[in-house]
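User: Hey, got a minute to walk through a model with me? I'll fire off questions as they come up.
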Amino acid sequence: AGTAAAGAAAVAASAGSASREGNGGAAEGGSVVSVANLPWSATEEQVRAAFARCGEIAAVECRTQQLRGGKRRYVGYVQFGSSAAAAAATALNGTDFGGRLIKVEAASGSARRKGKGGQRRGAAGAATEA
């Protein structure tokens, strides 16, 4: 099991490797936003589709986070190719996603470290240990 910080780091690392593979440097100058209050059924593809209009997306990761008191939450991290795209994404704060109002904000280092790890939900929606 990893931590939420590891999840955000994985998003940044995958964006960095994609950049090195020649996608035009998407990770350079990019920004990460966190997306809280996602429905448990949300997949990374659905999150990517919902945020695609904001700008180039380098990477998306969805995972569960263990909170104090034993509660869990399902969050996503979206790595954009520019800070302008990330800023545009924050305008989706408070909008409906699968019947829930999502909370979108810039993912600061401390926000990425909240929680105690969890599971990552991949392309098919199956939970995989991260």
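User: Let's start with Q65: buried or exposed?
Analyst: Q65 is buried, because its relative accessible area is 1%. Keep in mind that this is a predicted model.

User: Which strand does Q65 lie in?
Analyst: Q65 is part of strand 2, which spans residues 57-66. That strand is mostly covered, with nine of its ten residues buried.

User: And what does the Q65 side chain make a polar contact with?
Analyst: With the side chain of Y77, at 3.1 Å.

User: What stands opposite Q65 in strand 3?
Analyst: That's R73. Strand 2 and strand 3 pair in the antiparallel sense, with nine bridges.

User: How many residues sit between the strands in that hairpin?
Analyst: Five residues lie between strand 2 and strand 3, and in this hairpin G69 has a positive phi near 85 degrees.

User: Which residue other than glycine has a positive phi?
Analyst: N37 does, with phi near 70 degrees. As background, most residues other than glycine have a negative phi. N37 is found in the loop between strand 1 and helix 2.

User: Why does N37 count as partly exposed?
Analyst: Its relative accessibility is 31%, so N37 falls in the partly exposed class, which runs from 20% to 50%.

User: Switching to strand 1. Where does S31 come in?
Analyst: S31 belongs to strand 1, which covers residues 31-36. Opposite S31, in strand 3, stands F80.

User: What else is S31 in contact with, leaving aside its sequence neighbours within four places?
Analyst: Besides F80, the contacts are V78, Q79, S82, S83 and A86. There's also a C-alpha separation of 6.8 Å between S31 and G81, though they are 50 residues apart along the chain.

User: Which strands does strand 1 pair with?
Analyst: Strand 1 runs antiparallel to strand 3, with five bridges joining them. Strand 1 also pairs with strand 6 (residues 103-106), again in the antiparallel sense, over four bridges. Across that second pairing, A36 stands opposite K103.

User: Why is strand 1 called largely enclosed?
Analyst: Because five of its six residues are buried, strand 1 is largely enclosed by the rest of the structure.

User: OK, the core. How many residues are in the largest nonpolar one?
Analyst: The largest nonpolar core has 20 residues, and L38, V47, F51, V78 and F80 have the most contacts inside it. At least two residues of this core come from each of strand 1, helix 2 (44-51), strand 2, strand 3 (72-80) and helix 3 (83-90). Another core, of five residues, lies apart from it and includes V32, A36, V75 and Y77.

User: Back to F51: what's it in contact with, beyond neighbours within four places in sequence?
Analyst: F51 is in contact with V35, I57, V78, F80, A89, L92, I102 and V104.

User: Which residues of helix 2 are buried?
Analyst: E44, V47 and F51. Those residues lie on the same side of helix 2, because they cover an arc of only 65 degrees around the axis. The general background is that an α-helix has 3.6 residues a turn, so residues three or four places apart point the same way.

User: And which are the buried residues of helix 3?
Analyst: A85, A86 and A89 are the buried ones there. Viewed down the axis of helix 3, they fall within an arc of 100 degrees, so they line one face of the helix.

User: What covers those buried residues of helix 3?
Analyst: The cover includes strand 1, helix 2, strand 3 and strand 6.

User: Zooming out, how many helices and strands are in the chain?
Analyst: Four helices and eight strands. Starting from the N terminus, the order is α-β-α-β-β-α-β-β-β-α-β-β.

User: What fraction of the chain is buried?
Analyst: 42% of its 130 residues count as buried. The chain exposes about 6,400 Å², of which carbon and sulfur atoms supply 50%.

User: Last one: among contacts between residues at least 6 apart in sequence, what share joins residues at least 24 apart?
Analyst: That share is 69%.

Key:
Residues numbered from 1 in each chain as written. Predicted model: local features only at pLDDT ≥ 70, side-chain atom pairs only at ≥ 80, totals over all residues. Heavy atoms only, no water. Contact = heavy atoms within 4.5 Å. Buried < 20%, exposed > 50% of the residue type's maximum accessible area, 1.4 Å probe, protein only. Polar contact = N/O pair within 3.5 Å; in protein donor to acceptor, adjacent residues only side chain to side chain. Core = buried A, V, L, I, M, F, W, Y, C linked by side-chain atoms within 4.5 Å. Pairing = 2+ DSSP bridges. Arc of directions from axis to C-beta. Areas by Shrake-Rupley, 256 points an atom, 1.4 Å probe, with all protein chains shown as cover.
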